Amino acid sequence: MDVCQYREQQKPSNHSKRGFSLIEIVIVIAIIGGIMAIVVPRVNSYRLKVAIQEAKNMISTIKEGIILFETDTGRLPATLKELVVRPNDPEIGSKWTKGGYFLGKKQMPKDPWSENYQYKLTPDAEKPYDLYSFGPDRRKAPKAEWLRVD
């Protein structure tokens, strides 16, 4: 066997050097796209449910702070800020609990959509105050879709 014949036998075939064909790449991309089409909406739906529950939990926590404030001072807070910052009124300020009524924080948290929680005194209504979040649609949402905890 001469050297030329030996080298020809040692050359790798075209099949072993071959990469992926365009069809194979397209099929893989289509499979990945199909999986993403199923997974992404489910993840987003889950994230929305978690954010809504987080907002409702925070509203419950704020309500507890309002109850504690009212118990200590004899009145409802005029704003949510009074739960974290001592009121200027000396009579109320003297009864205010050191550290505030909201987990020792210096400011009220925002809802999961970066909006302030809404608090309004409603002395003429069935409930003495209204506490809610505008929800994921923010101020565009109709009042019926605002997040409240009864």
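Which side chain does Glu82 meet in a salt bridge? In this predicted model, the partner is Arg75, and the N to O distance is 3.1 Å. I will start with that pair, then go through the other salt bridges, and end with a backbone angle.

First, the setting of Glu82. It sits in the loop that runs between helix 3, residues 22-73, and helix 4, residues 90-95. Is Glu82 buried or exposed? Its relative accessible area is 13%, and because the cut-off for buried is under 20%, Glu82 counts as buried. Its partner is less enclosed by that measure: Arg75 has 26% relative accessibility and counts as partly exposed.

The salt bridge is not the whole account of Glu82. The side chain of Glu82 also reaches a backbone atom, the nitrogen of Ala78, at 2.9 Å. If we set aside the neighbours within four places in sequence, the residues in contact with Glu82 are Phe69, Arg75, Pro77, Pro87 and Trp96. So, for this loop residue, we have a buried acid, a salt bridge to Arg75 and a polar reach to the backbone of Ala78.

On to the salt bridges as a set. How many does the structure hold? There are three. As general background, side chains of opposite charge can pair when their charged atoms come close.

Another of them joins Lys95 and Glu91, where the closest N and O atoms are 3.9 Å apart. The cut-off here is 4 Å, so a distance of 3.9 Å qualifies. Both residues belong to helix 4, and because they are four residues apart, about one helical turn separates them. On accessibility, Lys95 is partly exposed at 37%, while Glu91 is exposed at 51%.

Next, Asp130 and Arg148. Their side chains meet in a salt bridge with an N to O distance of 2.9 Å. Asp130 is in strand 2, residues 129-132, and Arg148 is in the segment after that strand, so the pair ties together parts that lie 18 residues apart in sequence. Arg148 is partly exposed, with 26% relative accessibility.

Last, the backbone angle. Which residue has a positive phi although it is not a glycine? That is Ser114, with phi at about 65°. Ser114 lies in the loop between helix 4 and strand 1, the strand being residues 118-121. Its relative accessibility is 56%, and so, with the exposed class starting over 50%, Ser114 counts as exposed.

That is the end of my part.

Methods
Residues are numbered from 1 along each chain as its sequence is written. This is a predicted model: local features need pLDDT of at least 70, side-chain atom pairs count only at pLDDT 80 or more; totals for chains, interfaces and linings use all residues. Side-chain values use heavy atoms; hydrogens and water are left out. Helices (H or I, at least four residues) and strands (E, at least two) are DSSP runs, numbered from the N terminus. Buried means under 20% relative accessible area, exposed over 50%, partly exposed in between (1.4 Å probe, protein chains only). A polar contact is a pair of N or O atoms within 3.5 Å; within protein, one must be able to donate a hydrogen and the other to accept it, and residues adjacent in sequence count only if both atoms are side-chain atoms. Contact means heavy atoms within 4.5 Å.
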